[in-house]
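Visitor: I should like to learn how to read the features of a protein model. May we go through one together?

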Amino acid sequence: ATYDEQWRPQVHFTPQRNWMNDPNGLVYLDGEYHLFYQHNPFGNTWGHMSWGHAVSKDLVHWEELPVAIPEAEDIAIFSGAAVYDKNNTSGLGTAANPPLVAIFTGWNKSTNNQSQYIASSTDKGRTWTRYGTAPVLDIGSTESRDPKVFWHEPGKQWIMVFAKAKEHKVAIYGSKDLKNWNHLSDFGPYGSEGDVWEVPDLIQLPVDGDPTKKKWVMIVSVNGGSLYGGSGIQYFPGEFNGTTFTPDPLPVVSEPTGVVFADFEGPTYGDWVATGDAFGTGPAQGALPGQSPVTGFKGKGLVNTFLNFDQGTGTLTSPEFLINKPFITFLMGGGNHPGETAMNLLVDGKVVRSATGQDSEALRAKFFDVADLKGKKAKLQILDTHTGGWGHINVDHIMFTDAVVNEMEFKTLWADFGKDFYAGVTYDNLPTDEKIWIGWMSNWQYAGALPTYPWRNAQSIPRKLSLKTTPEGLRLAQEPIQALKTQRGVNFSAGNLPVSQVNERLKAAGVRGKTLEVLLEIDAKDAEALGLKLHKSSAEQTVITYNRAAERISVDRTQAGEGSFSNGFPEVHAAPLKNVGDTLTLHVILDTSSIEVFAEDGRVVFSDLTLSSPSSDGIELFSTGGDPVVRKLEVFELKSIWK
Ligand code: FRU
């Protein structure tokens, strides 16, 4: 492979050909980092799930090896872990040559059963032997998957966590030999439930860099109804005593600055009016049979209006209100029924804004920019067309805000505020104390529709994890691994100049590129909003914006380029970014088809795919309401890891 197709990542791992999803079996041994991954060896769509394999000496350059564990005898090989069994507790190697042991879910395609299996390798992961044909752990479930295993020294045993996906639980098991497993406890439901919980990990991290002060963190991937819809990762700091994981209380996050919750609440749901085939609106009923409950923040601004359908077309129209803020944000939930859903904004009975999706889940966390409609009277209207099957849609919240806000932020700790970081898991057996993880850089909402060929989907840059004390509480922080610096090429730097002059220099120096690393330190207090435009041309741009008054940061890919394959793609993703101080720091890794933003030493992170045209390669700073001083800007060309 030449790795030079349009949108082929140059500093991220992708298989030469065909489909990839979750990273699996991340383990280090004898100078090699292994990356196994969910892979279809036969095509560019999900199927024939097998463990693909790549190795690296530095976590930067990868060599793709033959498929490690193929689908066999009707058992698909789903996600899982690999450990170095250095004391040969499993007996699957020898004392002199201890084995690597892979622990994975086998999905039985004829019975749908999902159980945990193991396989071993005594030749550095090159060939694998399945341990018999039976699972080592079968709880008789069709929704139990994604084991992650680590050695727990105080308890002198292996600990396995895996997801009871539909129950929104993480099961915790213990074993002395990786073959016989005892149930210790279950964790959950807690935090965001979404449709399913998948790919958990349980790790210990130093707090504020102090190795004597360690804290456990449970990591849980959530699919269907995460922060911006589809897939995302939440985490829970807490305590693990060898048997049970006890999370710290969920954060009480203050409402974002400048938010006014719509006052549509009331005994009759304000006066929302239903028309058409809808057979009624109703009170918050919690989870209805076959439906996922909307588990978002409850409280002010809650509308929780249900529109129930068998099939047909109906509308639900709000009372009239005055537009007095620049944004209207709303959160919708409901069943995954077949049909079309729209949220419309009406002024004088005419649709002036509209967001559409194939169901209300696809309309989760959308917003209207209504700055130009200030002072007008408006109504919101939900429109639903249902081609069959019972279902309902509901609106959880409506807020009038100064900046784009997503209510899902309030009660969940999200590892990443972009839309493309899922199934993140950490390395086993690293030579240092560091915790490094990799996530799948995609989202189940559109992973199969991405217009890339002959591969689909990438893995994230490996990132170092830590915990930081902030005024809001403990937060997970991430930074790109140091080794990535080897890819730095031509460099542009400027400092102690206002944005306007730095832009002139960037222009004069002809700085541009599809693959860049950007380090920015800027006087954040001297502008209303400021940020960076990347992959820029006259027609396209990807925009990072920090808004001082709203204390928020966002990545806007609505004009990034190709996005027509899913209405869940052209979006703005935003996050609260508080306590920034005088200087804002941003670290950006830009690849041909993605952006990873690490703000304020990685305490807020975005991973977003962006599919721009080859000629969109400009870079520019911007600011509004001031011309703040750039303390330091460094822009490095990132050299391809494949050349
Ligand atoms: C997560 C996931 C896992 C499963 C795998 C199947 O993305 O759905 O739960 O093991 O992908 O490919």
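Visitor: Between which two strands does the loop with P454 lie?

Guide: This is a predicted model. In it, P454 belongs to the loop between β30 (436-441) and β31 (455-456).

Visitor: What is the form of the peptide bond from Y453 to P454, and what is its omega?

Guide: Let us begin with the general idea. Most peptide bonds are trans. Here the bond from Y453 to P454 is cis, with omega near 5 degrees. A further cis bond runs from G188 to P189, where omega is near -5 degrees. P189 is placed in the loop between β12 (182-187) and β13.

Visitor: Which sign does phi have at H48?

Guide: Again, the general idea comes before the case. Most residues other than glycine have a negative phi. H48 is not a glycine, yet its phi is positive, at about 45 degrees. H48 sits in the loop between β2 and β3. K124, also a residue other than glycine, has a positive phi near 55 degrees, and K124 is found in the loop between β7 (114-121) and β8 (129-130).

Visitor: Why does K124 count as partly exposed?

Guide: One counts the C-beta atoms around a residue: 20 or more within 10 Å make it buried, and 12 or fewer make it exposed. K124 has 13 C-beta neighbours inside 10 Å, so it counts as partly exposed. H48 has 17 such neighbours inside 10 Å and therefore also counts as partly exposed. F42, in the loop between β2 (32-39) and β3 (50-56), has 13 other C-beta atoms within 10 Å, so F42 is partly exposed.

Visitor: What distance separates the C-alpha atoms of F42 and N18?

Guide: Position along the chain and position in space are read separately. F42 and N18 are 24 residues apart along the chain, and their C-alpha atoms are separated by 6.9 Å.

Visitor: What share of the protein chain is buried?

Guide: Buried residues account for 52% of the 643 residues. The chain contains one helix and 46 strands. Its largest nonpolar core has 159 residues, and A102, M218 and V597 have the most contacts inside it. The strand that gives the most to this core is β5, with seven residues. A second, separate core of five residues includes W444, A447, L450 and F569.

Visitor: Which residues are in contact with M218, leaving aside its neighbours within four places in sequence?

Guide: Among them are V170, F187, P200 and L202, as well as Y235 and F245.

Visitor: How is the protein chain divided into domains?

Guide: The assignment gives domain 1 (18-253 + 413-479), domain 2 (259-401) and domain 3 (482-638). Between domain 1 and domain 3, 30 residues of the former are in contact with 29 of the latter. On the side of domain 1 that touches domain 3, β34 gives the largest share, four residues. That side divides into 14 nonpolar, eight polar and eight charged residues. A UniProt record, an unreviewed entry, lists residues 502-636 as "domain: Glycosyl hydrolase family 32 C-terminal". This span is 5% helix and 50% strand.

Visitor: Which residues lie around the ligand?

Guide: The shell includes N21, D22, Q38, M49 and F78, together with R145, D146 and E198. By class, the shell has four nonpolar, four polar and four charged residues. The strands β1 (18-29), β5 (75-84), β9 (144-152) and β13 (196-207) each supply at least two residues of the shell.

How values were computed
Residues numbered from 1 in each chain as written. Predicted model: local features only at pLDDT ≥ 70, side-chain atom pairs only at ≥ 80, totals over all residues. Near = placed C-beta within 6 Å. Nonpolar A, V, L, I, M, F, W, Y, C, P; charged D, E, K, R; others polar. UniProt positions renumbered as here; feature names shortened; annotations may be inferred. Core = buried A, V, L, I, M, F, W, Y, C linked by C-beta atoms within 7 Å. Contact = placed C-beta atoms within 7 Å. Domains from an automatic or database assignment.
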